[in-house]
2 protein chains.
Amino acid sequence: MLDGEERTLVDRVVREVFALLLSSEIPLGGQLNEAALAARFKVSRGPIREAIKQLQGRGLVIKEPYLKARVVSLSLPDMIEIFQLREAVEGMSVRLATSAMSDTELDEMLDAFSAARQAGKAVDLDLHVRIAEGCGNDRIRALLCDELYYLLRLYRARSADQPGRRQDAFTEHWQILRAMRARDGELAESLMRAHIGRATRSLETLLAQQAATTDKG
Amino acid sequence: MLDGEERTLVDRVVREVFALLLSSEIPLGGQLNEAALAARFKVSRGPIREAIKQLQGRGLVIKEPYLKARVVSLSLPDMIEIFQLREAVEGMSVRLATSAMSDTELDEMLDAFSAARQAGKAVDLDLHVRIAEGCGNDRIRALLCDELYYLLRLYRARSADQPGRRQDAFTEHWQILRAMRARDGELAESLMRAHIGRATRSLETLLAQQAATTDKG
DNA sequence: ATTCGAAAAAGTGTTGACACTTTGACGGCA
DNA sequence: TGCCGTCAAAGTGTCAACACTTTTTCGAAT
């Protein structure tokens, strides 16, 4: 995510297009016009095309031959699919991390978590990222950090988060960290799955409400 | 995978390059030279580059700026990572499929499985594909069918499969199908995880042996 | 007024040439 | 002989022009 890492135009374009999505300048479900993006970023269409392919690989963009690329819609059903996948993968991620991370790393994570809790800062995604980075399985890390968390950030940028969940989430995260520190991978996995499962059910409730409202209106 | 679906050169190149990998014409860990591939397939470098980006997205190719793209090595540690991910994702896949698939679909799958068993045909990957396609979660389906199973096919094309596992695998698959038919998603998930977990441990044993041999030699 | 079809406009797919980076070979120097 | 800087060769990154597909526009026939 650091600018210094960008050795090529494609990388820059990927970051800038993602910023456009985050800022809602290109809406969810909106279209990506290669020529327009090329003009905007002062590059030719080649890098734009490769950047779109890359975003397509990350699941942020959907595209068919000769048709304009569309930004993923991130509808409630989409998010439920993503959360079901997260439940499975993050469960494994935390199980592996429980074995793979050193005492020092775990303590650092606990400290950072406590500090953030004091400061009242949201720490959710940071924590999940750290666990994924510590799980020792690079495919799982890439899937979570390079794909799913991008989608999550995009979703959160659009939808106000539930108010009541914040305190619960702190407790649930704390329990997960405790299980990791106790080197109980089984427990850590089931706590993580429950944690994400609760969020999934919250989305499903929202979907049911939305469906009911739409039916009436 | 059908030729008729290929409306663009990039799609054709992706298929042909993957065939080169399957046939060992390009070895695992080997390099992909854009110009050479362009000459071979009689296209310019543009489509080649996009195809490589796509293969990169599927995890078959690793690339850094200005360095040649390398085919993934699929070493034993790589495969273990892939199997750990599969264990988590396919567990969820079969759990969801157990709810989502109709009686008719399940029966068809059982019939096809029995027929293959009679004919003594290997059915492993087919079955996993069907389950993924029936799970109703398109992100999970894409992850399994468009990414992980490609890697698996590539791996199997190189390494002779274990002789004793075949009969065991039939039994394990049969149990999974029975659990699905009984609409017991929990059971189906844990059976699938055990099924893949066994394969993972078999890889880990192989790795340990390999390490021991290397140390001596 | 409506519908159908042809032609123009817009947009994506592909190409070959040029620019930049990396790599390896060559020669000078200690 | 061994090390370092320089330069040529190979390869990737980028660009602008051209080809093909899709969409829209517009007019004619019913």
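Here is a chat about how some labels for this predicted model are earned.

User: Before we start, what should I know about the numbering and the model?

Analyst: Residues are numbered from 1 along each chain as its sequence is written, while chains are lettered from A and ligands numbered from 1 in the order in which they are written. This is a predicted model, where local features need pLDDT of at least 70, side-chain atom pairs count only at pLDDT 80 or more, and totals for chains, interfaces and linings use all residues; side-chain values use heavy atoms, with hydrogens and water left out.

User: Okay, what makes up chain A?

Analyst: Chain A has nine helices and three strands. Those words refer to DSSP runs numbered from the N terminus: H or I over at least four residues for a helix, E over at least two for a strand. In sequence order the pattern is α-β-α-α-β-β-α-α-α-α-α-α.

User: Which residues come nearest to DNA strand C?

Analyst: A:R7, A:R45, A:R49, B:T8 and B:L9 do, out of 19 residues around the strand. To count as near, a residue needs one heavy atom within 4 Å of the strand. Sugar and phosphate make up 75% of the strand C atoms that come within 4 Å of the protein.

User: How do you know that B:T8 makes a polar contact with DNA strand C?

Analyst: A polar contact is a pair of N or O atoms within 3.5 Å (within protein, one must be able to donate a hydrogen and the other to accept it, and residues adjacent in sequence count only if both atoms are side-chain atoms). A polar side-chain atom of B:T8 is 2.9 Å from a phosphate oxygen of strand C, so that pair qualifies. B:L9 uses a backbone N or O atom instead, at 2.4 Å from a phosphate oxygen, and the side chain of A:N33 has an N or O atom 3.2 Å from one.

User: What is the mix of residue classes near DNA strand C?

Analyst: There are nine nonpolar, four polar and six charged residues. Nonpolar covers Ala, Val, Leu, Ile, Met, Phe, Trp, Tyr, Cys and Pro; charged covers Asp, Glu, Lys and Arg; the others, Gly among them, are polar.

User: And which atoms of DNA strand D come within 4 Å of the protein?

Analyst: Sugar or phosphate atoms account for 80% of them, and the rest belong to bases. A:S44 puts a backbone N or O atom 2.9 Å from a phosphate oxygen of strand D, and B:R49 has a polar side-chain atom 2.4 Å from one. Near strand D, the classes come to nine nonpolar, three polar and six charged residues.

User: Why are helix 4 and helix 6 of chain B called oblique?

Analyst: Their axes, which are lines fitted to C-alpha atoms over the stretch in contact, cross at roughly 60°; angles run from 0 to 180 degrees between N-to-C directions. Under 35 degrees is roughly parallel, over 145 roughly antiparallel, 65 to 115 roughly perpendicular, and the rest oblique. The pair is therefore oblique.

User: What is the handedness of that crossing of helix 4 and helix 6 of chain B?

Analyst: Left-handed, a label for a near helix turned anticlockwise from the far one by less than a right angle (clockwise would be right-handed).

User: Which class fills most of the list where helix 4 meets helix 7 in chain B?

Analyst: Nonpolar: the contact, meaning heavy atoms within 4.5 Å, has 16 nonpolar, one polar and two charged residues. These two helices pack at about 145°, with axes 11 Å apart.
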